[in-house]
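Here's a quick tour of one structure, written for someone who likes to know the cut-offs behind each term. Have a look at the model first, then read on.

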Amino acid sequence: MRNNTVKKMAVTAMVAALYFALSLPFMTLLFGPIQLRIAEAFTLLPVFSVNPIAGLTLGCVLVNAFGAFTSANILGPLDIVIGSAATLIAAFFTYHFREVRFKGLPLLSALMPVLVNGIVIGLELTFVISGGFDLIIFLINAGQVALGEAIACFALGLPMVRALEKTGVGKKIFAESPEKEIQKIA
């Protein structure tokens with residue numbers, strides 16, 4: 001039991017650190033209406049288990065906080081909560097739809113971060129930048145955010161998942177406790 005807790009903590013720390021480290025060099029591309037977060041490819045890790053969700057959320061909190069306090073994040077401290085909540089929700093849906101596959105790929109799981117971030121961050125940008133809701137501005141903001149997210153999830157995340165599945169590394173690193181695996185089989 002204790003080894004399982006240590007493993008979960010290690011996975012959480014590893015995912016958060018990777019998300020943060022992969023975001024740091026691209027800080028100017030992470031915030032605003034046009035954003036490309038390469039680290040969002042990791043939002044597909046919940047395809048393997050629920051374990052990476054906490055690390056993704058923590059990594060996003062750290063990046064958004066760093067951006068807010070260095071003025072890179074135009075949305076400011078509000079994005080620490082809202083942007084990170086969007087990542088949490090997207091990761092939850094990624095996990096929920098992990099078994100839905102098209103030609104062996106978790107396409108519906110990959111679509112979840114695109115939709116959630118497009119809508120949530122699109123709304124956040126619209127309200128912060130425009131000072132209120134404007135449908136046209138929202139659709140533009142949501143579309144731009146969703147496009148960047150689609151690049152991260154479909155062009156980077158899906159090949160990552162396929163490689164981790166093919167080698168078996170994804171299951172070894174992110175698998176739930178052996179007790180839960182045995183319960184699933186029984």
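What follows goes through salt bridges, a loop residue, a surface patch, cysteines and one threonine.

First, the ground rules. This is a predicted model, so local features need pLDDT of at least 70 and side-chain atom pairs count only at pLDDT 80 or more, while totals for chains, interfaces and linings use all residues. Residues are numbered from 1 along each chain as its sequence is written, and side-chain values use heavy atoms, with hydrogens and water left out.

**Salt bridges**

How many salt bridges does a search of the whole structure find? It turns up two, taking a salt bridge as a side-chain nitrogen of Lys or Arg within 4 Å of a carboxyl oxygen of Asp or Glu. Here they are, with the closest N and O atoms as the yardstick:

| Acid | Base | Closest N to O |
|---|---|---|
| Glu99 | Arg98 | 3.8 Å |
| Glu165 | Arg101 | 2.8 Å |

The Glu165 and Arg101 pair links distant parts of the chain, 64 residues apart: Glu165 sits in helix α6, and Arg101 in the loop between α4 (78–96) and α5 (107–130). Helices here are DSSP runs (H or I, at least four residues), numbered from the N terminus.

For burial, the scale is relative accessible area with a 1.4 Å probe and protein chains only: buried is under 20%, exposed is over 50%, and partly exposed is in between. On that scale Glu165 is partly exposed at 32%, and Arg101 is partly exposed at 31%. In the other pair, Glu99 is exposed at 64%, whereas Arg98 is buried at 16%.

**A positive phi in the loop**

Lys103 also belongs to the loop between α4 and α5. Its phi is positive, about 55°, although Lys103 is not a glycine. With 83% relative accessibility, Lys103 counts as exposed.

**The nonpolar patch**

Over on the surface, Phe127, Phe133, Leu135, Ile136, Leu139 and Ile140 make up a nonpolar patch with about 610 Å² of accessible area together. Areas come from the Shrake-Rupley method with a 1.4 Å probe, and for residues only the protein chains shown count as cover. Patch members must have over 30% relative accessible area and no salt bridge, with nonpolar side chains (Val, Leu, Ile, Met, Phe, Trp, Tyr) joined within 5 Å and like charges within 9 Å. Helix α6 (residues 135–167) gives the most, with four residues. Ile136 is in helix α6, and it is exposed at 55% relative accessible area.

**Cysteines**

Why do Cys60 and Cys153 not bond? The sulfur of Cys60 is 12 Å from its closest cysteine sulfur, the one in Cys153, which is too far for a bond. A disulfide needs a pair of cysteine sulfur atoms within 2.5 Å, and the count by this rule is zero. Both residues are tucked away by the burial cut-off: Cys60 is buried at 2%, and Cys153 is buried at 0%.

**Thr57**

Last stop: Thr57, in helix α3 (residues 52–69). Thr57 counts as buried, at 15% relative accessibility. Leaving aside residues up to four places away in sequence, Thr57 touches Ser84 and Leu88, where contact means heavy atoms within 4.5 Å. A polar atom of the Thr57 side chain lies 3.0 Å from the backbone oxygen of Ile53. Thr57 and Thr12 are 45 residues apart in sequence, and their C-alpha atoms are 9.3 Å apart in space.

Definitions and conventions: Helix = DSSP H or I, 4+ residues; strand = E, 2+ residues; numbered from the N terminus. Polar contact = N/O pair within 3.5 Å; in protein donor to acceptor, adjacent residues only side chain to side chain.
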